[in-house]
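Please open the model in your viewer and keep the sequence panel beside it. The stops below say what to select next and what is there.

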Amino acid sequence: KPFQRFFPDAKLVCSDVSNESLSLSRTLNGDVVEYAWMRDGKLPFSPARFDGIFACCVFHHIPPDQHESTLHEIRRVLKPGGLLMIYEHNPFNPLTVKAVRNCPFDENAILLSARQLASTSSRVGLDKFRLSYRVFFPAALSKLRPLENYLRWLPAGAQYFIALRA
């Protein structure tokens with residue numbers, strides 16, 4: 001619901017390769033958003049439909065040989081100048097790697113670096129304009145949390161965020 005809170009006038013669409021996941025989301029959230037099944041690597045939308053697309057911890061579940069075609073498909077449905085925002089787990093953070101290895105949901109996950117993602121995005125015409133890492137201090141080090149915003153440049157954060165323009 002954060003998207004609805006911060007973008008109250010936006011029309012939200014959730015898309016996934018798993019029809020089961022879309023059904024579960026619809027059950028949990030109702031029909032406040034549109035749901036669209038991504039079948040055979042294709043999004044069921046006309047070209048240049050979306051102002052922005054957000055993908056959170058998706059690409060490490062996509063086989064690496066499909067990253068480029070997936071990004072190309074996303075690029076197809078973005079309007080010129082549209083924004084693609086991607087969050088991913090950082091493979092250079094040992095605690096993140098351990099967490100992913102121990103998570104049943106991430107059983108077949110292959111982590112990719114921000115550099116890999118930026119390079120593949122560039123090949124399909126998406127230009128990187130922002131990259132930041134997310135450093136999270138645990139409860140035991142909570143007094144250091146004010147420093148988190150100043151460490152976004154550090155490639156050791158648990159996750160990274162990359163913003164790209166079509």
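Begin by selecting Glu 68, which is partly exposed because its relative accessible area is 34%, where buried means under 20%, exposed over 50% and partly exposed in between, with a 1.4 Å probe and protein chains only. Add Arg 123 to the selection: the side chains of Glu 68 and Arg 123 meet in a salt bridge, 3.0 Å from N to O, a term that asks for a side-chain nitrogen of Lys or Arg within 4 Å of a carboxyl oxygen of Asp or Glu. This pair links distant parts of the chain, with Glu 68 in helix H3 and Arg 123 in helix H5, 55 residues apart; helices (H or I, at least four residues) and strands (E, at least two) are DSSP runs, numbered from the N terminus.

Before moving on, note that this is a predicted model, in which local features need pLDDT of at least 70 and side-chain atom pairs count only at pLDDT 80 or more, while totals for chains, interfaces and linings use all residues. Residues are numbered from 1 along each chain as its sequence is written, and side-chain values use heavy atoms, with hydrogens and water left out.

The structure holds 6 salt bridges, and the next one to select is Lys 11 with Glu 34, whose closest N and O atoms are 3.3 Å apart. Lys 11 lies in the loop between H1 and strand E1 (13-16) and Glu 34 in strand E2 (residues 34-37), so this pair ties together parts that are 23 residues apart in sequence. Lys 11 counts as exposed at 62% relative accessibility, whereas Glu 34, at 27%, counts as partly exposed. Add Arg 49 as well, since salt bridges that share partners join Lys 11, Glu 34 and Arg 49 into one network. Then select Arg 26 and Asp 31, another salt bridge, with closest N and O atoms 3.4 Å apart; here Arg 26 is partly exposed at 34% and Asp 31 is exposed at 63%.

Now turn to the interior and ask which residues touch the most other members of the largest nonpolar core. Of its 26 residues, they are Phe 59, Leu 71, Leu 84, Ile 86, Leu 117 and Leu 126, a core being a set of buried Ala, Val, Leu, Ile, Met, Phe, Trp, Tyr and Cys residues joined through side-chain atoms within 4.5 Å. Two or more residues of this core come from each of strand E3 (50-56), helix H3 (67-77), strand E4 (78-89), helix H5 (114-123) and strand E6 (159-165). Centre on Leu 84, whose contacts (heavy atoms within 4.5 Å), leaving aside neighbours within four places in sequence, include Ile 53, Leu 71, Ile 74, Leu 126 and Ile 162.

Stay with helix H5 and pick Ser 121, which is buried, with a relative accessible area of 0%. Leaving aside neighbours within four places in sequence, Ser 121 is in contact with Leu 71, Leu 126 and Leu 164.

Finally, select the cysteines: a search of the whole structure finds 0 disulfides, that is, pairs of cysteine sulfur atoms within 2.5 Å. The sulfur of Cys 14 is 12 Å from the closest cysteine sulfur, in Cys 56, too far for a bond. Cys 56 is likewise in no disulfide, the nearest cysteine sulfur being that of Cys 57, 4.1 Å away.
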